[in-house]
Amino acid sequence: MADRLAKQGTALPQTRQTSTLHSAKSLIKSAVKSWNCQWLLRLSLGKNWESLVSRGPLNHNLPRTVSVAALRMRTGHEYLASHLHRINIRPSPECQLCGHSTMNAEHLRTCSAVDHSKNYQKSIFKEAHLYWLALHLMAQHPRKKK
């Protein structure tokens, strides 16, 4: 079947398009990248790592501490109270620093116990700073027994 269709295809009039090797490689690379992105988005729907695909890759030139914090917060494996509660290490997901809300990456942006005075040009650096600061404060203040 495939051979017959291929033979029929050779009989059809072919348009002559001249292109350089570089432009052909770029076109193929772009098509493969687009297909991969769409495939990964479909594959990740509803998964806990969906945010890794939808937010795009991390910059490879970031300092290690920033990259580690960003990856942990994107995947939800951030060693904050919400994750520690999910894996049965903490009795409650509430913030052990302020006690007001579930302690996760989003909460760190508004937590009253964390110093928000430092200004960063990129939000990823601010998020990393808040993450490491919160971990440091959590280590200084042992969890309360319930």
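Y79 is partly exposed in this predicted model, because its relative accessible area is 42% and partly exposed residues lie between the limits of under 20% for buried and over 50% for exposed. This residue sits in the loop that joins α4 and α5, and it has a positive phi of about 60 degrees although it is not a glycine. The protein chain around Y79 has seven helices and zero strands, and the points below take up its overall form, its nonpolar core and a few individual residues.

**Overall form**

- Read from the N terminus on, the elements of the protein chain follow the order α-α-α-α-α-α-α, with zero strands in the chain.
- The protein chain has a radius of gyration of 24 Å, whereas a compact globule of 146 residues would have one near 15 Å.
- Taken along the principal axes, the box that the C-alpha atoms of the protein chain fill is roughly 80 × 35 × 20 Å.
- When contacts in the protein chain between residues at least 6 apart in sequence are considered, 41% of them join residues at least 24 apart.

**Surface and charge**

- Of the 146 residues of the protein chain, 26% count as buried.
- The accessible surface of the protein chain comes to about 11,200 Å², and carbon and sulfur atoms account for 57% of that surface.
- The protein chain carries 22 positive and 7 negative charges, and the mean positions of these two groups are 7 Å apart.

**Nonpolar core**

- The largest nonpolar core has 24 residues, and those with the most contacts inside it are L80, L97, M103, L108, Y131 and M138.
- Two or more residues of this core are given by each of α4 (64–75), α5 (81–86), α6 (105–108) and α7 (123–140).
- The largest share of this core comes from α7, which gives eight residues.
- When residues up to four places away in sequence are not counted, L108 touches L80, M103, V114, H116, L130, Y131 and A134.

**Loop residues with positive phi**

- Most residues other than glycine have a negative phi.
- Against that background, Y79 in the loop between α4 and α5 has a positive phi of about 60 degrees.
- N88, which is found in the loop between α5 and α6, also has a positive phi of about 60 degrees and is not a glycine.
- N88 counts as exposed because its relative accessible area of 70% lies over the 50% limit, while Y79, with a relative accessible area of 42%, is partly exposed.

**Helix residues and their spacing**

- Q38 lies in helix α2, which covers residues 21–44, and with a relative accessible area of 42% Q38 is partly exposed.
- Q38 and S51 are 13 residues apart along the chain, and their C-alpha atoms are separated by 14 Å.
- T65 is found in helix α4, and T65 is partly exposed because its relative accessible area of 48% falls between the 20% and 50% limits.
- T65 and H129 are 64 residues apart along the chain, and the separation of their C-alpha atoms is 9.0 Å.

Notes. Residues numbered from 1 in each chain as written. Predicted model: local features only at pLDDT ≥ 70, side-chain atom pairs only at ≥ 80, totals over all residues. Heavy atoms only, no water. Helix = DSSP H or I, 4+ residues; strand = E, 2+ residues; numbered from the N terminus. Rg over C-alpha atoms; globule rule 2.2 N^0.38 Å. Buried < 20%, exposed > 50% of the residue type's maximum accessible area, 1.4 Å probe, protein only. Contact = heavy atoms within 4.5 Å. Areas by Shrake-Rupley, 256 points an atom, 1.4 Å probe, with all protein chains shown as cover. Lys, Arg positive; Asp, Glu negative; His and termini not counted. Charge placed at Lys NZ, Arg CZ, Asp CG, Glu CD. Core = buried A, V, L, I, M, F, W, Y, C linked by side-chain atoms within 4.5 Å.
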